[in-house]
Structures are given as C-alpha cells and as structure tokens.
Amino acid sequence: MSEFIILTDSSADLSAEMVQELGIQVLPLHFTIHDKTYSNYPDNREMDPHAFYEMLRSGDVATTAALNLADYTQSLEPLLEAGQDVLVLAFSSGLSCTYQSSCLAVEELREKYPQRKLYTVDTLCASLGQGLLVYMAAQEQKKGKTIEEVRDWVEENKLHLCHQFTVDDLMFLKRGGRISAATAMVGSMLQIKPVLHVDDEGHLINIGKARGRGASLKSLVDKMEQTAYDPKNQTVFISHGDCREDAETVAQMVRDRFGTEHIEINYVGPVIGAHSGPGTLALFYMGSTR
C-alpha cells in the first residue's frame, strides 16, 4: 500500500468498522442540540444516532458548524510531524465551508512542512456519497497508487458519484431554506415526497417528486437504472435517517433489479441529519452523470 494517510470528515457518514477497515482518519464535525455541543465521531461515542433522531422527532432543533482552520491544523500537524503525507477529502463546498478551511490549513502547513506532500480535494459529495468516494479512493491506495495518483483519480471521478435521495418530513427542508413554507405545507398535506440529488456544484437540488413513501423509494432505484455504470458489479452505499427498514427495502430493490451484491448501509449522521430530518433515505452509486 502507498504510504500516505487519507483524511476525511465525519459528514462522510462512514461506520467505525469501515473507517478501521480502510485505514483512514476521520475528523469529527460538530452539532449542537439542547444547548450542548457534540462531536460527530464515526463510533457515535458522544451521541447515539437513534437518540438524536428521537430528539428531532420530539421537536428539538439541532444546529451544525463547519470545521475551521484550527480543527484541520490540529489534526494534520501531528501526522506531518510524524513524517506522513496526507490527502484530505473534504465535505462538499456547495454545502459547507469545511473545504475552504482545509485549503487554508493546507496552505499554511505546506510552508511549515515543505518536505511533506499535503493535498485537499473538494469531493462535491455528502453523506455516504462522500463516504463511497473515500472508500473507492482507499481501494486505489491499496493498489499501490501514489498520493498524486489517488488525488487525480478522485478529481476525475467525483462527478460520477451519484446521490439520489428523498426525505419524509418537508418541514426540515423548509427550515433550511430549501423549499418555501407554502410548498412544505401543501406537500405534507398531499403526502408529496421530494426526490433530490447533489449536482455538479455540490448543491442539494430538488429534481422531482413522488406521491407517497413507497413511490419515492422506488424512484431512487429508477434513477439508478437510468445512470448507473454496470450496477451489478458496483459497491453501493445507502444512508438513512433512522429508517433502517426502508434502507433494507431499497437495498433489496437494488439486488432484485440489478443483482448487486456489495451494499453497505449506515446512518445519515447528525451533521447532515439536522437539516434533512428523520426518514431521509439516500442511495449512492457510480454513474454516467449526476
């Protein structure tokens, strides 16, 4: 394996088991609920995700904060001091200023450690879409590719990382300014479920709607059928806002329709879940276009 560290942030929503398996490092983002701030570690040591979603269901409001220059510097500098090169794969700049903070840290630390290789990439991805891109980058690293080769692979392939998702409660999108109050009210009354994706600029975009939960889940798989590369032989990730049964339903749809064998499921973490709400369901795969 090439000797460098891949570092990402916890908006990638990778499980602790997968983080260990991949040999990567994860910098936790932060969220605040009930006037207390928590760090979002992959092992959920500070907040169980089910408990977090139960708090949202009861009406509590969570807020989130991007990583800042100090967060990155404090995580990267010990690695550089230890003689490690580092590739940072950061949360979409279209949804957070986390990537901009990583750029500032990289610029500062390159001057201090000129003998080390240090790069950052704007993944333009979110949740397990970011996680899947990190997973695939780690596979490239295991093939023996250099840090520059893996960085270039990510840049060349990130806009083929497709994000298809839906939410169950429109009020969370309304609160985040994604839809109007009137749209949220009418949509909730009519059981209209939006179908969304992350576009080429890394923004969350509404691309359709479905009548009812079942139809919205099916629409995710329909979108995959339209764009996925060789879906049978892909690794597919699914993330959920405390609706594991729906995630399993979508996984089975993918298996039945495409014969896909490698499917990983994990929570939408609190940092993204604060804005998408309970019942969020997301499907991630590689395709011809987002």
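**Exercise 1. Decide whether Cys243 is buried or exposed in this predicted model, and then examine Cys162 with regard to disulfides.**

*Solution.* Begin with the value for Cys243, whose relative accessible area is 11%. The cut-off needed here is that a residue counts as buried when this area is under 20%. Cys243 is therefore buried.

Apply the same step to Cys162, which has a relative accessible area of 0% and is therefore buried too. Next, turn to sulfur pairs, for which a disulfide requires two cysteine sulfur atoms within 2.5 Å. A search through the whole structure finds 0 disulfides. Cys162 accordingly takes part in no disulfide, and the nearest cysteine sulfur, which belongs to Cys125, lies 9.6 Å away.

**Exercise 2. Work out where Lys158 is placed, whether Lys158 is buried or exposed, and which residues Lys158 touches.**

*Solution.* First locate the residue along the chain: Lys158 sits in the loop that runs between helix α6 (147–157) and strand β8. Then consider the accessibility, which is 9% in relative terms, so that Lys158 counts as buried. Finally, list the contacts, leaving aside residues up to four places away in sequence: Lys158 touches Val121, Asp122, Thr123, Leu124, Cys125, Leu133 and Arg290.

**Exercise 3. Explain why strand β9 is described as largely enclosed, and identify the strands that pair with β9.**

*Solution.* Start with burial: strand β9 covers residues 192–198, and 6 of its 7 residues are buried, which is why the rest of the structure largely encloses this strand.

Now look at the pairing with strand β8 (residues 161–166), which is antiparallel and extends over 3 bridges. Within this pairing, Phe165 stands opposite Leu196 of β9.

Then take strand β10 (residues 204–211), which pairs with β9 in the antiparallel sense over 7 bridges. Here Val195 stands opposite Gly208 of β10. The two strands β9 and β10 form a hairpin with 5 residues between them, and in the turn Gly202 has a positive phi of about 80°.

**Exercise 4. Determine the strand order of the sheet with 6 strands, name its edge strands, and describe how helices α5 and α9 lie against the strands.**

*Solution.* Write down the order, which is β10-β9-β8-β13-β11-β12 in an open sheet with mixed pairing. The edges are formed by β10 and β12 (262–267), and because each has a single partner strand, one side of each is left without a neighbour in the sheet. From one strand to the next, the twist averages 20°.

Helix α5 (residues 127–142) packs on this sheet, where it touches β8, β11 (235–240), β12 and β13 (281–286), and its direction makes about 150° with that of β11. Helix α9 (residues 213–227) lies across β8, β9, β10, β11 and β13, and it runs at about 10° to β13.

**Exercise 5. Describe the sheet made of 3 strands, including its order and its pairing.**

*Solution.* The order is β4-β3-β5, and the sheet is open with antiparallel pairing. Its edge strands are β4 (36–39) and β5 (63–65), each of which pairs on one side only. Neighbouring strands are turned by 30° against each other on average, with direction ignored.

As a last step, inspect one pairing in detail: β3 (residues 30–33) and β4 pair in the antiparallel sense over 4 bridges. Among the residues involved, His30 has Ser39 in β4 as its bridge partner.

Key. Residues numbered from 1 in each chain as written. Predicted model: local features only at pLDDT ≥ 70, side-chain atom pairs only at ≥ 80, totals over all residues. Heavy atoms only, no water. Buried < 20%, exposed > 50% of the residue type's maximum accessible area, 1.4 Å probe, protein only. Pairing = 2+ DSSP bridges. Contact = heavy atoms within 4.5 Å. Axes fitted to C-alpha atoms, helices over the stretch in contact; angles between N-to-C directions.
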